[in-house]
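Visitor: I am new to this one. Could you walk me through the reasoning behind the words people use for it?

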Protein chains: 2
Amino acid sequence: MPIHRLMPNVRQVIRDKDLNLLPNLLQGRKPVDLADMMTDLKPSEQVLVLHSLDRAVAQETFQHLLPSTQNHILEILSAEEAAALLDTMTPDDRTLLLEEAPPESSEQLMQLLSPEKRVESESLLKYPEDSVGRLMTPRYLAVSPGWTVAQVFDFVRRHGAQSETLNVIYVVDEQGRLMDDIRMGQFLLAPLQARVSDLTDGRFVALDASADRETAVDVFMREDRTALPVVSTDGILLGIITVDDVLDVAADEATEDIHKIGGVQALEEPYMQIGLIQMVRKRAGWLTLLFLGEMLTATAMGYFEQEIARAVVLALFIPLIISSGGNSGSQAATLVIRALALQQLELRDWWRVLHREALAGLTLGGILGAIGFLRIVLWSAYSDLYGPHWLLVAVTVATALVGVVLWGTLTGSLLPFLLRRLGFDPATSSAPFVATLVDVSGLILYFSIAALILKGALL
Amino acid sequence: MPIHRLMPNVRQVIRDKDLNLLPNLLQGRKPVDLADMMTDLKPSEQVLVLHSLDRAVAQETFQHLLPSTQNHILEILSAEEAAALLDTMTPDDRTLLLEEAPPESSEQLMQLLSPEKRVESESLLKYPEDSVGRLMTPRYLAVSPGWTVAQVFDFVRRHGAQSETLNVIYVVDEQGRLMDDIRMGQFLLAPLQARVSDLTDGRFVALDASADRETAVDVFMREDRTALPVVSTDGILLGIITVDDVLDVAADEATEDIHKIGGVQALEEPYMQIGLIQMVRKRAGWLTLLFLGEMLTATAMGYFEQEIARAVVLALFIPLIISSGGNSGSQAATLVIRALALQQLELRDWWRVLHREALAGLTLGGILGAIGFLRIVLWSAYSDLYGPHWLLVAVTVATALVGVVLWGTLTGSLLPFLLRRLGFDPATSSAPFVATLVDVSGLILYFSIAALILKGALL
């Protein structure tokens, strides 16, 4: 991205107030690249850049900025300028901007819109946040079943330029209810005097405006379409969603899941844009919660203080054993969380997963147990580190490993199901969360096994 | 999905060889739903289902199956049937199927294709795996700059039905070099006698056929398009990519990252489809590696055996301290990995991230340190668990927590940069990997701080 190398110049030019140099520097750049570059600037600098651009380029560049950035800029601009920018935005992008704005400024911005667009935006904003309705654009082509193909083409010629897609034309009845979607290709192959109703088969897929936007991603992935219609509960066609917006949603949802799996509350802004205090807050919550949970390990170990005092050798393997449980749990949780998100697994599959993971956990535990056993036995051939009862210690550690890995695997794989069943996001069962759960129980398991095996020898 | 509830019936009908019931049961179902249902069946049962469907429905259903499933089915079918299915597939889906097939059966399938389609598939398969070229379809509309708008419409009428998109028409010169892309909306607004060259502005975005398919996701997200042209290194238009295919790629890439972050080698098939042995293998590798790394904790603790023997109270806090380091490291790694994947961060940003994370780590460490300190002090008011030197123990634990959390945060945030710099995938710095690294160093830090603070008192 050569535009990035331009950045220091732009910064310098702005700082030096050499503002007549700016238009030359930015000449011929594409709006997408300009928007990319502007993310690193302060709002006041961003406004200077927009002012140096041709009106049309400035408007397109503005569209490519993040909603939060757009809002900062609008606060600085005059009402007239803000109105001009808002008016040229596509309805779905404007919805994103307005929903990001603080309530009072969202009200003000709404007042700047032309009456027609205000009605449009108001109707889009009445759908719940993160719903399919918020992603809609009302720019589509709809025809009546009674029209001829020739009439359809005439309609496309007159109104097609305003539509977000020309691949599909929607058929609605007199009440505005969606009856079918017909690919443009079918119209092209049909005789001009044929009726639209001759082409319909009544088989179409539509999204519910009030559904969660995640369902839009799922449906688009299943159906392989570039646009899908959105309907109200009584089947009225309200708008369409194009797949390019869904691509952003899919990326957002993946980011949310990834952040949760890593044990962070999902950040809503890019890493470098979010304020330090806000970021620390997003992390401190979970970290503190995990810490409080992990404190139980100190409590648990308090009960075994005497055992540790008598057999310090047991303490040496504590990190090894609990981390193996945590790692295997994190693996299982990650696999199940992602499979649930992609609908490869459903709630009712928990029983099959339990079987599968029990086998996987035993195998993996067996492998780690064997390695751990060998390590202690081999070491003891050369050193006295593990004392005279090294063989019993080896058996204890190996047995504990099998148990802890099995336990970690089962916890990790079933917790996401439990969370979904309880109405939470399965991704909340993050790697650190599972590890913490397994740490406490793993310690108890380890010392119980040790008590059993080493009784009379070391303990 | 009501189709799922149909499953037991279908299974039963197949098992009972009541094959004349099958067509009735499947009547009127959509191909996507049929494909969904078939994923749970054995290949031989899947073939029975396909045979019970109308030819056209069977063909479309087949297209919606996973490439691996498709290959299993083709192995069972007669050459003639296989040829018919292959021939009706879209070129990009056929590429996916052929690249998943084992080499010898891929050769055989290729022989089944009509000569024209064989050439098409061969040319698509010559691009490297996971490249943009593999996702291309040659079904697009291209016109010459000298044509009139009327000629373009005539061309669209005759060939539009075969094109994957009608939203954009591509302009190529006599050598087939891409000159521009023009939205259909522009043609609709232009006078019929205008030339294509009057509408071109030479500004277009094209993908390089040999580029990694991940770049396609990035470009689509930046550009908000539903289709993008793909060109060779000398600018020849080779095909187009539609965003619905990119949506699948984006989901695949997110899955790969999520699996890696969870410490698993990425699975290529859905969770329930992959064989148990293969899945265990994908997990055992990393788990064993992490286990071997974690063994260093036992070694490290061996050096402190005497300290532990003298002050068993120190052992109680080992899990708490190392898990705090691991958790904070996992948070930082996750945030940076995702920001790198979304290109919110680049390699050169590591210095700024270091600053940010140093502050975040100190703050988070301070919070956990304070909680840990309070816990020990409060507990000691009521119990003797932490012995006479409880205040020194509290100071030791609190200091170690600040150090370990800072260290975990820095390791977690910088490791992804290091991995990318060395040419590895940043997502390899999984939560378990970072935790393991931090565990070993965290223990050494803890005992070193203890030695310093508790010298003369407990040690």
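**Two copies and a helix pair**

Guide: Happily! This is a predicted model. A turn of 180 degrees and a shift of 0.0 Å along the axis lay chain B on chain A with an RMSD of 0.2 Å.

Visitor: What makes that the relation of a two-fold axis?

Guide: The turn is 180 degrees and the shift along the axis is 0.0 Å, and that is the relation of a two-fold axis.

Visitor: How do you know that the copies meet through the same surface?

Guide: Of the interface residues of chain B, 99% are also interface residues in chain A, so the surface is the same.

Visitor: What is the radius of gyration of chain A, set against a compact globule of 459 residues?

Guide: Such a globule would have a radius near 23 Å, but chain A has 31 Å. Its C-alpha atoms fill a box of roughly 95 × 65 × 40 Å along the principal axes.

Visitor: Why are α19(B) and α22(B) called oblique to each other?

Guide: Their axes come within 8 Å and cross at roughly 140 degrees. Angles over 145 count as roughly antiparallel and 65 to 115 as roughly perpendicular, so the pair is therefore oblique. The crossing is right-handed.

Visitor: Which residues make the contact?

Guide: Among them are B:Gly325, B:Gly326 and B:Gly329 of α19(B), and B:Val434, B:Asp439 and B:Tyr446 of α22(B). The residues of this contact divide into 11 nonpolar, 4 polar and 1 charged.

Note on methods. Residues are numbered from 1 along each chain as its sequence is written. Chains are lettered from A and ligands numbered from 1 in the order in which they are written. This is a predicted model: local features need pLDDT of at least 70, side-chain atom pairs count only at pLDDT 80 or more; totals for chains, interfaces and linings use all residues. Side-chain values use heavy atoms; hydrogens and water are left out. Axes are lines fitted to C-alpha atoms, for helices over the stretch in contact, and angles run from 0 to 180 degrees between N-to-C directions. Helices (H or I, at least four residues) and strands (E, at least two) are DSSP runs, numbered from the N terminus. Angles under 35 degrees count as roughly parallel, over 145 as roughly antiparallel, 65 to 115 as roughly perpendicular and the rest as oblique. A crossing is left-handed if the near helix is turned anticlockwise from the far one by less than a right angle, and right-handed if clockwise. Contact means heavy atoms within 4.5 Å. Ala, Val, Leu, Ile, Met, Phe, Trp, Tyr, Cys and Pro count as nonpolar, Asp, Glu, Lys and Arg as charged, and the others, Gly among them, as polar. Copies are superposed by least squares on the C-alpha atoms of residues with pLDDT of at least 70 in both. The radius of gyration is taken over C-alpha atoms; the globule rule is 2.2 Å times the number of residues to the power 0.38.
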